[in-house]
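Open your viewer and keep the selection box handy. We will go from stop to stop, and at each one there is something to pick and something to look for.

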Amino acid sequence: MRSQAAKFVAAARRALADPPLQDAVKRATDTAARKRDLAMFAHGRDHGEALRQQAAAARRRALSRLPELLEQAEAHLTANGATVLWAADAAEVCAHVLDIAARHHVRRVTKSKSMVSEEVGLNDALAEAGIEVLETDLGEYIIQLAGEPPSHIVTPVIHKSKEAIRDLFVQRLGMPPTDDAPTMARFARGHLRAAFLSSDMGISGGNFIIAETGTLCLVTNEGNGRMVTALPRVHVALVGIEKVVATLEEYVLLTQVLPRSATGQAMAVYTHMINGPRRAGEPDGPEALYVVLVDNGRSAIYGTSYAEVLGCIRCGACINACPIYEATGGHAYGWVYPGPIGAVLTPLLTDLKDASALPHASSLCGKCKEVCPVDIDLPRMLLDLRYDLVEAGHMPWLWDAGMRAWSTATRSPRLFHSAARAAQIGQGLLPQGRKVPLGPLGGWSASRELPRFARQSFRAWWAARNQEEDRHDQS
Amino acid sequence: MTSRETILARLRAARRPFADTPPPGDYLPVAPVDDERPAALVEHFAARAEALNCTVYRCTDERAALAAILDVIGADRQVLCWDFAHIPLPGLGAALARAGVAVAPPSDPSVRVGITGADAALAATGSLVIASGPGKPRQVSLLPLVHVAVVRADQIVPHLEAWLATVRARGLDAFQAASSTVIISGPSRTADIAMELILGMHGPGELHIVVLEDTSA
Ligand code: SF4
């Protein structure tokens, strides 16, 4: 998928002028955030915090041994009967999948959700080769019908109302009009069931790979993940190289923390461990399993100060907690991953200058780190990306927002960080005439107690920026 | 250089992140269970499964279990079913035959009810652990709208961590021998349409769990 992150400002402005969109996103993210809190703290806040630290350590341990674990995973996957392929970039992922499709005479593909496949634009590549491809996660199916990208990594149609989905099904599928969501879902079930049963190849992502056993792990709720890995003759899984974990113990921990953070479920409906293709004597399952280990920019992050972002388990909790996401929705971020995780990943995996707006699409309220099940310090990385932009000769947008007073500080990384933090805080508070101590870190912790200010600060920044732009437009 | 070599070489050449992370100690269970005595586990399992919209039948004899299953089948003349040897209810085959219910091939998409056993059950989350294998087609718990699972009370373990301990005790070869192990927690569901909970998206919309308590005593 081509990044449209450079158009963040225009796209966000459109979203901000769309109150129904904001209402839908706010309702959905508020619900998800509330459920997440209930599930993570089901056994008390201390227990939940301890789980977060335990999960963070599991991911860090895995990253510290990434090349060894990948080799171990490859050996065990192969011993289990899977074929392991490596892909350096998007083109190679698509080439591998097209190769496999040709080898197995594949005409029709059903897919369960895979963010990596969105990264690499796989659907377009398959379509160009004349292969029919159908998304089967209900949300992904809806946006495929609508010709839109996903706007959330867990709930991809978070931006669409029931009425919009109804109209789409009526127009595109000939569904008899109904406002009953279960009836709409049943209609889609019928369509997709026929597709599962007639497809030759299933494509999935992968939530984890267990190195010690060579196990490919998926979590899904709808059952489409089981369908695409059980019914078609061939199963291809696209998995980022960072998804490997060392042991079953680390997996058992992470696969429970993931749904708690994502949707507030204690377990996903289907927590699936795959140890290769169908075995002799087994009545069903694919004849061939391919696991494509995808780099696509990840190994370049590995040795940098951004390595911790590779620990992300794609739960979406940071997105649901983000006041900026709530205001702009997911499409404004312009690529596969929206919200705070997207604001860090998109510049790192695509192009920093092109995505230069994204590190500023944050009020640094700290909520994203606080809810992250693996304790990734997204605010720290957003600040570092801003610093990298300055180093690369990009004007930080904070200046545009009328914060020129801080400009002299930005030549020094330490001062820049302090200034950026203080500027952010000042931005949020000054319009309301409130006062907090502006000592950078004191102010930082004060603002974290008051997450509502975050949205204000973004809006203030936004208003100031628009005034600036209008002035430029007129001149 | 192949992409494999390039990727691995780049990772190896990089400064290792998190090299100082300590090795794992004892794992805190994600969903601890207060009372792990067998009767309490059945209680806990049933409550959690029901909270996930499952229907749970606690049966103390085989007759009651068979009656519950035949009731779910209703007037249907066909079911999908694992080999009877893998379902801990010895009279099932005869009871189905007596009722005039035939077992259809596992890939028949028109059949409404699928009957399976389970390899284990998890009290903390009301989950079933189901491994694929000869006589245990995965489609039986996937294609039909109604899934009936039969589990013995002594198969219920406290939580996923406890299940893993049994996997370790049996050896990893046994785990890897099943090409698919799925932990099922409630009926298939989606919330993609305006966050409204809908059951039975692609997989079963009903999950009936028959728990056999103390039938061997
Ligand atoms: S950064 Fe953390 S909270 Fe955000 S998606 Fe990744 S794991 Fe979840």
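Leaving aside its neighbours within four places in sequence, which residues is Val292(A) in contact with? Before selecting anything, bear in mind that this is a predicted model.

**Stop 1: the core around Val292(A)**

Select Val292(A) and look around it. Beyond its sequence neighbours, its contacts are Leu85(A), Ala87(A), Val93(A) and His96(A), along with the run Val236(A), Ala237(A), Leu238(A) and Val239(A). Now add Val291(A): within the largest nonpolar core, which holds 207 residues, Val291(A) and Val292(A) are the two that touch the most other members. Helix α12 of chain A, residues 248-262, is the top contributor to this core, giving eight residues. Domain 1 (5-40 + 316-474) and domain 2 (61-298) of chain A each supply at least three residues to the core.

**Stop 2: where the domains of chain A meet**

Colour chain A by its domain assignment, with domain 1 as 5-40 + 316-474 and domain 2 as 61-298. Where they touch, domain 1 brings 22 residues and domain 2 brings 23 residues. On the domain 1 side, pick out α2 (19-40), α14 (317-320) and α16 (339-349) of chain A, the elements that each give two or more residues. Which of them gives the most? That is α2(A), with 10 residues on this side. Colouring the domain 1 side by class shows 16 nonpolar, four polar and two charged residues.

While you are in chain A, click on Val9(A), in helix α1 (residues 8-16). Its C-alpha atom is separated by 7.8 Å from that of Ala332(A), although the two positions lie 323 residues apart along the chain. Why does Val9(A) count as partly exposed? Because Val9(A) has 17 C-beta neighbours inside 10 Å, and a residue is called buried at 20 or more and exposed at 12 or fewer.

**Stop 3: helix α8 of chain A**

Next, select helix α8 of chain A, residues 138-146. Its buried residues are Leu138(A), Gly139(A), Glu140(A), Tyr141(A), Ile142(A) and Ile143(A). What covers them? The cover includes β3 (132-135), α9 (162-173) and α10 (181-198) of chain A, and chain B takes part too, through β10 (189-190). Step just past the end of α8(A) and you reach Gly147(A), where phi is positive, at about 70°.

**Stop 4: across to chain B**

Show both chains and select the contact between them. Chain A puts in 75 residues and chain B puts in 60 residues. The chain A side is made of 39 nonpolar, 21 polar and 15 charged residues.

Then zoom in on strand β9 of chain A (residues 270-274) and strand β9 of chain B (residues 180-184): the two run antiparallel and are joined by five bridges. To find your place there, start from Tyr270(A), whose bridge partner in β9(B) is Ile184(B).

**Stop 5: the sheet of chain B**

Hide chain A for a moment. Chain B has six helices and 12 strands, and its C-alpha atoms fill a box of roughly 70 × 45 × 40 Å along the principal axes. Of its 217 residues, 49% are buried.

Select the six strands of its open sheet and follow the order β1-β12-β7-β4-β2-β3, with parallel pairing. Which strands stand at the edges? They are β1 (55-59) and β3 (102-103) of chain B, each with a single partner strand, so one side of each has no neighbour in the sheet.

Now turn to β7(B), where six of the seven residues are buried. Strand β4 (residues 113-116) of chain B runs parallel to β7 (residues 146-152) of chain B, with four bridges between them. Here Gly114(B) stands opposite His147(B), and Ile115(B) has Val148(B) as its bridge partner. Seven bridges join β7(B) to β12(B), again parallel, and in that pairing Val146(B) is the bridge partner of Glu206(B).

Finally, add two helices. Helix α2 (residues 38-51) of chain B lies across β1 and β12 (206-212), at about 155° to β1(B). Helix α3 (residues 62-73) of chain B lies across β1, β2 (78-81), β4, β7 and β12, running at about 170° to β12(B).

Note on methods:
Residues numbered from 1 in each chain as written. Chains lettered and ligands numbered in written order. Predicted model: local features only at pLDDT ≥ 70, side-chain atom pairs only at ≥ 80, totals over all residues. Core = buried A, V, L, I, M, F, W, Y, C linked by C-beta atoms within 7 Å. Domains from an automatic or database assignment. Contact = placed C-beta atoms within 7 Å. Nonpolar A, V, L, I, M, F, W, Y, C, P; charged D, E, K, R; others polar. Pairing = 2+ DSSP bridges. Axes fitted to C-alpha atoms, helices over the stretch in contact; angles between N-to-C directions.
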